[in-house]
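Dear colleague,

I am handing over the structure we spoke about, with the sequence alongside. Please look through it first; my notes on what was found in it follow below.

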Amino acid sequence: KTVDKKGSKKKRMNCALWDSSGSFWLAEEYTPNPPVTGQIQADIAIIGGGITGLSSAYHLKQRYPQKHIILSEAQAVGFGASGRNSGFISQEYHGWYERFERKGAAAVVPYTQYAERGYQLLIQTIREQTIACDLQENGALLLAKSTREAHALAEYVEAYHQTGKAVQLWN
């Protein structure tokens, strides 16, 4: 436990090994800037230096080069889940199938289109900026380990078709 400035005891956060400030993806040693003190003036402030924060800062600066944009990160850029995403990107969003089951294809399609646009924007940025990330557009493969899982994949295929995605079910 630690004590804050007011004398209150605070619980210390325990971090897993992969939450260390060292990122799996950095090519060189990372030296963070010193903590911010005082006031900062900015047109746009972004809190969080994960993938979403970095992408937001990058794309906002591309669109509004005259704006003063700051990005604030408490740990290190790419800290936490952003630094351990296993190096994959997806054209889907998490939970799409559960939404499909509850509300149907019409409720899912706008989200799948949005996820697809995000994926294409990422691919475009990688190419335009010649980011050396060993990009491989190989699609996705879902595997079943049991008959029950194979039936679930067959249901997924039907859902994919109803939302306009071209997928194949292999036996």
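Phe79 is placed in the loop that runs between β4 and α2, and in this model, which is a predicted one, Phe79 counts as partly exposed, because its relative accessibility is 22% and the class of buried residues ends under 20%. Along the chain, Phe79 and Gly48 are 31 residues apart, while 9.1 Å separates their C-alpha atoms.

To place that loop in the whole, the protein chain has 4 helices and 4 strands, and read from the N terminus the order of these elements is β-β-β-α-β-α-α-α. Of the 171 residues in the protein chain, 16% count as buried, and the accessible surface amounts to about 13900 Å², with 53% of that belonging to carbon and sulfur atoms. If one takes the contacts between residues at least 6 apart in sequence, 52% of them join residues that are at least 24 apart.

As for strand pairing, β3 (residues 44–47) and β4 (residues 69–72) run parallel and are joined by 4 bridges, and within this pairing Ile47 has Ser72 of β4 as its bridge partner. Between the two strands the chain passes through helix α1 (residues 51–63), and the resulting β-α-β crossover is right-handed.

Helix α2 (residues 96–103) deserves a paragraph of its own. Its buried residues are Trp96, Tyr97 and Phe100, and because these cover an arc of only 95° around the axis, they sit on the same side of α2. Glu101, Arg102 and Lys103, by contrast, are exposed on the other side of the helix. The cover over the buried residues of α2 includes α3 (105–128) and α4 (147–162). After α2 comes Gly104, which has a positive phi, near 90°.

The aromatic side chains come next, and here the question is how the rings of Trp96 and Tyr97 are arranged towards each other. The search of the whole structure gave 7 aromatic pairs. In the pair of Trp96 and Tyr97 the ring centres are 5.5 Å apart and the planes stand at 80°, so this pair is edge-to-face. Trp96 has a relative accessible area of 6% and is therefore buried, and Tyr97, with a relative accessible area of 9%, is buried as well. Trp96 also forms an edge-to-face aromatic pair with Tyr156, at 5.8 Å centre to centre and with 80° between the planes. This second pair links distant parts of the chain, since Trp96 belongs to helix α2 and Tyr156 to helix α4, and the two are 60 residues apart. Tyr156 itself counts as partly exposed, because its relative accessibility is 24%. Taken together, ring pairs link Trp96, Tyr97, Phe100, Tyr156 and Tyr160 into a cluster.

In helix α3, one residue that you may wish to look at is Thr125, which counts as buried because its relative accessibility is 11%. Which residues does Thr125 touch, if those up to four places away in sequence are not counted? They are Tyr58, His59 and Ile131.

Finally, there are two residues with a positive phi that are not glycines. Thr130, in the loop between α3 and α4, has a positive phi of about 45°, and with a relative accessible area of 66% it is exposed. Asp134 likewise lies in the loop between α3 and α4, where its phi is positive at about 55°, and its relative accessible area of 63% makes it exposed, because that class begins over 50%.

With kind regards

Conventions:
Residues numbered from 1 in each chain as written. Predicted model: local features only at pLDDT ≥ 70, side-chain atom pairs only at ≥ 80, totals over all residues. Heavy atoms only, no water. Buried < 20%, exposed > 50% of the residue type's maximum accessible area, 1.4 Å probe, protein only. Contact = heavy atoms within 4.5 Å. Areas by Shrake-Rupley, 256 points an atom, 1.4 Å probe, with all protein chains shown as cover. Pairing = 2+ DSSP bridges. Right-handed = clockwise from strand over helix to strand, strands pointing away. Arc of directions from axis to C-beta. Phe/Tyr/Trp six-rings, centres within 6.5 Å; stacked < 30°, edge-to-face > 60°.
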